[in-house]
Amino acid sequence: MSDTVVETKNLTKTYGDFTALNDLSIHVNRGQILGFIGPNGAGKTTTIKILVGLSKPTSGSATIAGVDCSQNASKIKQLVGYMPDKFGSYDNMRVHEYLDFFGAIFGIPGKVRKARIQEVMETTNTTYMQDRYVESLSHGMQQRVGIARTLLHNPEVLILDEPANGLDPKARIEMRQLLLQLAAQGKTLIVTSHILPELSRICNVVAIVTAGKLRAFGSVDEVMSSLCPQRNYEVQVANAEHVGSAERVLREVLSESEPLTSSPAELTLRFPTVRTEAELADLLHKLVAAKIPVTQFRELTTDLEDAFLSVAGKD
Amino acid sequence: MNPQSLLYNPILQRELTSRLRSPNALIALAIVALVSCGLVLMRWPGEASIDLVSQGSIQVFRPVTYAIAIAIMMLSPAFPATAIVSERKKGTLVLMLNSPTPPWMVYVGKLLANVLLGFLLFSVSLPAIFACYAMGGISITGHILPLLMVFLGMAFQYSALGLWVSSRSQSIDASLRWTYSILLFLVVLSIGPSVLVGKLSGIYAWIAQALTTLSPIPALQQITGALGQSKSIGISTGWVEYLLMCAFSTIGLAIATLYKLHPNMMDRARDAGKVIEAKESSWFRRISYLVDPNRRKSGIPFWLNPVMVKEFRTRKFGRLHWLLRLIAVGAVVSILLTVVAATGTVNWGVDRIASSMVLMQIGFLLLLGPSLGANLIASEVESGGWQLMRASPISPWRILTGKLMSTFLTLILLLFATLPGYVMMSYIQPAIGGQVSNVIISLLIATAMVTILSACVSAFSKTSAAATAGSYALLLLLFAGTLLIWLGRGNPFGPVFVERALLFNPAATALAEMKAPGFETFQLIPKGWYVGLAICAAGLIVLILRIARLTRPE
């Protein structure tokens with residue numbers, strides 16, 4: 001399963017003098033989940049709008065399953081299921097009627113639509129709320145109905161804008177499981193989110209954009225190793241009076257590019273480094289030789305948030 | 001009530017500053033100033049002489065007065081009608097009511113802010129009014145002061161009305177719809193019994209006259225020296241009675257609104273939606289709901305436009321069970337009117353019956369039409385539904401036809417409810433068959449006009465509240481504004497000008513065809529139809545272009 005389903009090549013979009021998107025090139029394979037990350041105004045929504053045929057690029061191209069997004073918008077609408085960040089609620093409409101309406105505007109014939117609504121409600125676990133008014137649903141319920149709506153016409157690609165936004169921890173776990181389940185069914189997903197630990201748990205690929213430019217693209221590990229080459233280490237000592245002596249020993253060894261921070265209250269010292277395992281073992285040996293009671297010497301895990309902040313901090 | 005606390009009322013200060021910062025306030029003030037000064041310039045006498053007793057100045061004064069009155073009617077209720085309901089929706093009302101600021105201060109702040117804005121609105125026309133004074137024939141005590149008091153009374157009454165409706169409404173558009181509907185009753189329909197029925201006696205006469213005090217029209221006619229005009233149509237009240245009624249109604253509405261301004265009003269559960277199964281339905285429910293809104297709906301059939309079906313299903317007011325009730329009421333009233341006339345209970349001719357029916361139909365059209373039409377596009381954009389429709393394969397043309405038909409069919413159903421009355425009328429007097437057909441054509445044009453113009457306003461508005469207010473304002477201007485010109489027929493407006501103005505009003509075309517009292521001399525068919533159809537065609541072209549723009553990729 002390595003065939004490319006979504007591809008953008010040198011995608012650029014300008015509004016007058018303002019460049020919303022600058023030379024973006026990414027690709028997503030079938031069954032993959034792409035985490036699309038960026039601060040507000042980075043160009044995520046612009047990219048999504050081009051991919052779903054709601055906006056035309058100034059230059060470059062975007063294709064879904066080989067179909068050009070700007071040249072063949074009507075075909076794209078059948079290939080993509082789009083869930084914007086705003087739910088799109090209607091007053092006095094029950095969940096079943098809501099799904100029936102969207103099925104009808106996608107041109108799904110009556111009998112097929114009826115069966116399909118049952119199917120997507122089962123997939124998204126929304127069957128029990130079919131008689132409830134959509135505006136009376138909680139945010140988490142609405143997000144699940146939103147996904148059910150995007151699945152109605154059985155699209156190849158799902159583009160979800162902030163699906164986990166505003167959800168409580170339980171609903172977030174359910175959403176995560178649902179997205180993984182859809183990817184397992186062969187759907188290709190593009191998901192934007194500000195909750196980065198959430199994305200790192202489900203995404204195969206991430207793209208980080210800031211100010212319209214692609215800063216990093218690849219698997220989560222690739223992106224983190226390219227953006228965060230330094231590893232963070234933590235030394236914990238047995239009691240507070242040894243924090244000072246440990247600091248003295250470490251300062252003798254560490255260079256200026258390895259800034260040391262100490263926290264006597266936590267009995268810890270932290271520093272970033274690019275040293276090899278052997279060099280780090282030598283460092284630990286020096287601490288032990290100086291009779292400092294080291295209780296822990298460990299690498300702190302770097303996550304997507306650190307990677308994102310390292311890029312966002314440069315702008 | 002401490003005057004100092006009124007002055008430092010934080011609600012009043014916030015409301016005033018936020019409104020005055022809005023460019024719309026500046027535009028409204030500029031329009032009123034320009035229109036009032038423009039009217040004075042147009043009617044300013046060519047000769048360089050001033051006549052203290054002549055009617056020259058009155059002829060300038062009168063149109064200025066009516067122009068300002070229309071501006072107050074259109075603009076004053078719009079903000080208060082959204083004030084409480086929108087704060088409740090945003091969650092800021094509960095913050096205010098849970099603060100040490102007492103509810104009456106919240107109310108007074110909102111009321112005074114709007115009245116002061118109303119005051120500002122008519123104060124920009126003071127140069128025009130004093131220009132009339134400078135011409136002579138107009139006195140400060142006899143004309144200008146009463147006029148300013150009537151304007152102030154209108155600003156108070158309409159602001160209090162808007163706030164009261166807003167405190168009871170669940171949505172902004174419903175609040176605007178009901179406010180403008182009540183305004184229509186207060187201004188135009190309240191003088192209906194006196195105008196249409198003619199000379200009455202006893203308790204009926206007293207009720208008809210009491211109703212006329214609700215409308216500012218008799219007061220304005222008295223001030224502008226057109227009392228004879230009022231008397232000729234059976235009205236004998238003036239500005240003093242109107243101001244008294246304003247004071248009573250404002251106090252009554254304030255008490256009713258303050259009763260609702262309580263933190264408990266926010267404590268309402270969301271309606272989750274209960275489905276009634278056929279076997280659970282009681283006989284009473286089956287009769288009262290021929291189409292039960294709580295029964296599970298079947299899927300949208302392939303031969304129906306899904307957008308149209310969606311529009312019907314998402315309405316609270318205007319769904320089929322409500323429509324059937326309104327149609328039933330319309331049918332019964334129209335038959336009763338005809339039966340009463342046929343049996344000779346009252347000495348009404350066919351003209352008066354037909355006029356009542358036309359007014360009832362136009363009332364229905366103006367009550368429902370603007371709010372249905374105004375919600376077609378603006379509320380879709382506001383709720384995020386438009387974005388979802390753009391991301392679907394449905395064509396812009398199908399969206400447009402579905403939306404327009406949902407409003408047009410609703411209004412047509414309402415119009416056809418009065419057909420039994422017309423049939424009976426044609427049976428009583430077979431010679432009027434042709435006239436009845438012409439009236440029905442005029443009403444169909446009116447329906448198309450209401451639908452298309454309110455949809456146009458909706459397509460250019462950012463919020464449904466603005467669209468609803470704009471639609472009511474535009475259609476009231478077209479329907480009630482031209483009738484105001486008709487009221488001033490002969491003086492100051494000449495017959496040619498009145499006839500040209502009435503060509504823009506399909507209701508006037510229908511009334512003229514049925515030779516309703518006051519409309520006998522006007523021949524508006526077929527010119528009125530052509531004007532109406534031209535307005536519909538122009539509106540439709542604008543709408544098609546706008547929808548194409550809203551649906552195409554950015």
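Here are some exercises on a two-chain predicted model, each with a worked solution.

Residues are numbered from 1 along each chain as its sequence is written, and chains are lettered from A in the order in which they are written. Since the model is predicted, local features need pLDDT of at least 70 and side-chain atom pairs count only at pLDDT 80 or more, while totals for chains, interfaces and linings use all residues.

**Exercise 1. Work out the make-up of each chain.**

Step 1: start with the secondary structure, where helices (H or I, at least four residues) and strands (E, at least two) are DSSP runs numbered from the N terminus. Chain A comes to 11 helices and 14 strands, and chain B to 28 helices and zero strands.

Step 2: look at burial. A residue is buried if 20 or more other C-beta atoms, placed from the backbone, lie within 10 Å of its own, exposed if 12 or fewer, and partly exposed in between. In chain A, 43% of the 315 residues are buried; in chain B, it's 48% of 554.

Step 3: check the contacts (C-beta atoms, placed from the backbone, within 7 Å). Take pairs at least 6 apart in sequence: in chain A, 69% of those contacts join residues at least 24 apart, and in chain B, 80% do.

Step 4: add the extent of chain A, whose C-alpha trace spans about 80 × 45 × 35 Å along its principal axes.

**Exercise 2. Trace the six-stranded open sheet of chain A and find what packs on it.**

Step 1: write down the strand order, S6-S7-S8-S3-S9-S10, with mixed pairing. Strands pair here if DSSP finds at least two bridges between them.

Step 2: pick out the edges. S6 (80-83) and S10 (213-218) of chain A each have a single partner strand, so one side of each has no neighbour in the sheet. From one strand to the next, the twist averages 15°.

Step 3: zoom in on one pair. S3 (33-37) and S8 (188-192) of chain A run parallel and are joined by four bridges, with Leu34(A) opposite Ile190(A) in S8(A).

Step 4: add the helices. Axes are lines fitted to C-alpha atoms, for helices over the stretch in contact, and angles run from 0 to 180 degrees between N-to-C directions. Helix H6 (169-184) of chain A touches S3, S7 (157-161) and S8 of chain A, its direction making about 150° with that of S8(A). Helix H8 (220-227) of chain A lies across S9 (205-210) and S10, at about 125° to S10(A).

**Exercise 3. Find out how much of helix H3 (95-105) of chain A is covered, and by what.**

Step 1: count the buried residues: 11 of 11. Among them are His96(A), Glu97(A) and Asp100(A), along with Phe101(A) and Phe102(A).

Step 2: look for the cover. It includes H4 (110-123) and H5 (139-151) of chain A, together with H17 and H21 of chain B.

Step 3: read on past the helix end. Just after H3(A), Gly107(A) takes a positive phi of about 75°.

**Exercise 4. Describe the contact between the chains from the side of chain B.**

Step 1: get the totals, which are 30 residues from chain B and 37 from chain A.

Step 2: find the helices on the chain B side. H17 (306-313) and H21 (385-390) each supply at least two residues, and the largest share, five residues, comes from H21(B).

Step 3: sort that side by class, with Ala, Val, Leu, Ile, Met, Phe, Trp, Tyr, Cys and Pro as nonpolar, Asp, Glu, Lys and Arg as charged, and the others, Gly among them, as polar. You get 12 nonpolar, eight polar and 10 charged.

**Exercise 5. Take chain B apart into domains and examine how they meet.**

Step 1: set the bounds, which come from an automatic or database domain assignment: domain 1 is 3-45 + 52-265 and domain 2 is 306-551.

Step 2: count the contact between these domains of chain B. Domain 1 brings 25 residues and domain 2 brings 28.

Step 3: find the main contributor on the domain 1 side. H10(B) gives the most, with nine residues. By class, that side has 17 nonpolar, five polar and three charged residues.

**Exercise 6. Decide whether Gly202(B) is buried or exposed.**

Step 1: place Gly202(B), which sits in helix H12 (202-212) of chain B.

Step 2: count neighbours. Gly202(B) has 7 C-beta neighbours inside 10 Å, so it counts as exposed.

How values were computed
Contact = placed C-beta atoms within 7 Å.
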